[in-house]
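Work through the exercises below with the model open beside you. Try each task before you read its solution.

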Amino acid sequence: MCLKLGVIQKMKKILIMDLRSTTPAYTAYYAKSLADRGYCVDIAGIYKTAHVKDLLHLKPNYKKIINITGSGYRMSSIKMVNMIEYLINWLMVLMICKRYDCIHIQWLPLLKYSKVDLLFIRILKMRDIKIFYTAHNIFPHNNISKTVEKRYKQLYSMLDCIVVHSENTKDRLINDIKIESKRIIIIPHGPMFHDLELEVSVEKDSKTVGIMGNLSPYKGIEDAIEAIHILNKKNVYLDLILAGRIENEYKNKLLLLISKYNLERQVICSFGFIENREFLGMLRGLKMSLFPYRRIEQSGAAITSLSVGTPVVGYRVGGLRELVVDGYNGKLVNSGDIESLASAILEIKNKSNIDLEQNCKESIKKFSWEHAAEIMDGCFS
């Protein structure tokens, strides 16, 4: 992917590395924004048709790497195959790295289990390659291991530049991990799939709220269910949609809670993989998205929600504080305060859909991929 900027073509080449294609949408939108500024951008990651088919308008340029598991989920479930594929592709990155001016790593999923990623990064540094890394999360979600934290701290000490999506994340890196401020770059996290066309128009349902995406414990879904129960006791009845992939153990825990409060008719569970356009249609149809997160650096789901006119209600944590203006495009309350969460849901429910939609779309303009690329332009130079 290499486009001209005016009459001058920048020849810097960037390799964006996400070997397991953990976030193919993020990578594709980010790559497109850099290409639009004149960079030659390649992606080192697995091309999974199910994930990439709605990103083809962005023209992501995937390098030819080993793709044993990319054709289906059956192979992807075999951990040994995943690991072998991952290690082979790391070796391929080392073979081609000298073709690039910079390598921007998005995820290192094996780092939770092994130090091998750190070894490969040391080899990259020996080859005098400038290494950027996006700290989507400072530590993996739901992590309680001091060993894993130690590995990530080692990683941060080795990098040339760490890219983050909020002032909160930068402050944590400086204060908790003692990273020098000059090595940290803040760029906005842009929306994803917001530019896809839907076959039919979607009307907002003022009685429906939702949590969508990968359904994990750090998202505090139990608190959302409790909030719906609290509203029921006030004779306010809302439907809560839970849509996305979920681990069986957590799913069973949520189903028990739903049953405890007799919410089977109000909590609509759509567990499993959701096609992008279906996701987008569901998101546009919500009165509001709920984000009672325990901890988050920044949320692409929240940004995408705002970009399609759906307000955000949740806890005042991480980068959400930089997105939401209370009463304007949603509302945030103190973490763990479920009574206040229920009150915030009720407050936003009673606001005009038209006003909220306009406010949400206006508020998200400064969180653009174009602005992110503009900032990175000065860092890659």
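The exercises cover sheets, helices, aromatic rings and backbone angles.

This is a predicted model, in which local features need pLDDT of at least 70 and side-chain atom pairs count only at pLDDT 80 or more, while totals for chains, interfaces and linings use all residues. Residues are numbered from 1 along each chain as its sequence is written, and side-chain values use heavy atoms, with hydrogens and water left out.

**Exercise 1. Trace the sheet that holds strand 1.**

Step 1. Start with the terms. Helices (H or I, at least four residues) and strands (E, at least two) are DSSP runs, numbered from the N terminus. Two strands pair if DSSP finds at least two bridges between them.

Step 2. Read the order. Six strands run 2-1-3-4-5-6 in an open sheet, with parallel pairing.

Step 3. Find the edges. Strand 2 (40-44) and strand 6 (184-186) each have a single partner strand, so one side of each is left without a neighbour in the sheet.

Step 4. Add the twist. It averages 25° from one strand to the next. Such angles run from 0 to 180 degrees between N-to-C directions, with axes as lines fitted to C-alpha atoms, for helices over the stretch in contact.

Step 5. Check one pairing. Strand 5 (residues 161-164) and strand 6 run parallel and are joined by three bridges. There, V163 stands opposite I185 of strand 6.

**Exercise 2. Which strands does helix 7 lie across?**

Step 1. Set the contact rule: heavy atoms within 4.5 Å.

Step 2. Place the helix. Helix 7 (residues 167-176) lies across strand 5 and strand 6. Its direction makes about 170° with strand 6.

**Exercise 3. Describe how helix 5 and helix 6 pack.**

Step 1. Take the geometry. Helix 5 (residues 116-126) and helix 6 (residues 146-158) pack at about 10°, and their axes are 11 Å apart.

Step 2. Classify the angle. Angles under 35 degrees count as roughly parallel, over 145 as roughly antiparallel, 65 to 115 as roughly perpendicular and the rest as oblique. The two helices, 5 and 6, are therefore roughly parallel to each other.

Step 3. Name the residues that meet. Helix 5 brings L118, I121, R122 and K125; helix 6 brings R151, Q154, L155 and M158.

**Exercise 4. Trace the sheet that holds strand 9.**

Step 1. Read the order. This open sheet has six strands, 9-8-7-10-11-12, paired in parallel.

Step 2. Find the edges. Strand 9 (267-271) and strand 12 (330-333) each pair on one side only. The twist averages 20° from one strand to the next.

Step 3. Look at the middle. Strand 7 (residues 205-212) and strand 10 (residues 286-291) run parallel, joined by three bridges. D205 has L286 of strand 10 as its bridge partner.

Step 4. Add a helix. Helix 8 (residues 221-233) lies across strand 7, strand 8 (239-244), strand 10 and strand 11 (312-315), at about 160° to strand 8.

Step 5. Finish at strand 12. Four bridges pair strand 11 with strand 12 in the parallel sense, and Y315 stands opposite V333.

Step 6. Check its faces. Buried means under 20% relative accessible area, exposed over 50%, partly exposed in between (1.4 Å probe, protein chains only). On one side of strand 12, G330 and L332 are buried; on the other, K331 and V333 are buried too.

**Exercise 5. How many aromatic pairs does a search of the whole structure find?**

Step 1. Apply the rule. Rings of Phe, Tyr and Trp (its six-membered ring) pair if their centres lie within 6.5 Å; planes under 30 degrees apart count as stacked, over 60 as edge-to-face and the rest as tilted.

Step 2. Count. The search finds eleven pairs.

Step 3. Take one. Y29 and W369 have ring centres 5.9 Å apart and planes at 10°, so the pair is stacked. Y29 lies in helix 1 (residues 24-35) and W369 in helix 15 (residues 369-380), so the pair ties together parts 340 residues apart in sequence. Both Y29 and W369 are buried.

Step 4. Take another. F132 and F380 have ring centres 4.9 Å apart and planes at 70°, so the pair is edge-to-face. F132 sits in strand 4 (residues 130-134) and F380 in helix 15, 248 residues apart.

**Exercise 6. Is S21 buried or exposed?**

Step 1. Locate the residue. S21 lies in the loop between strand 1 and helix 1.

Step 2. Read phi. For S21 it is near 50°, a positive value in a residue other than glycine.

Step 3. Decide. At 6% relative accessibility, S21 counts as buried.
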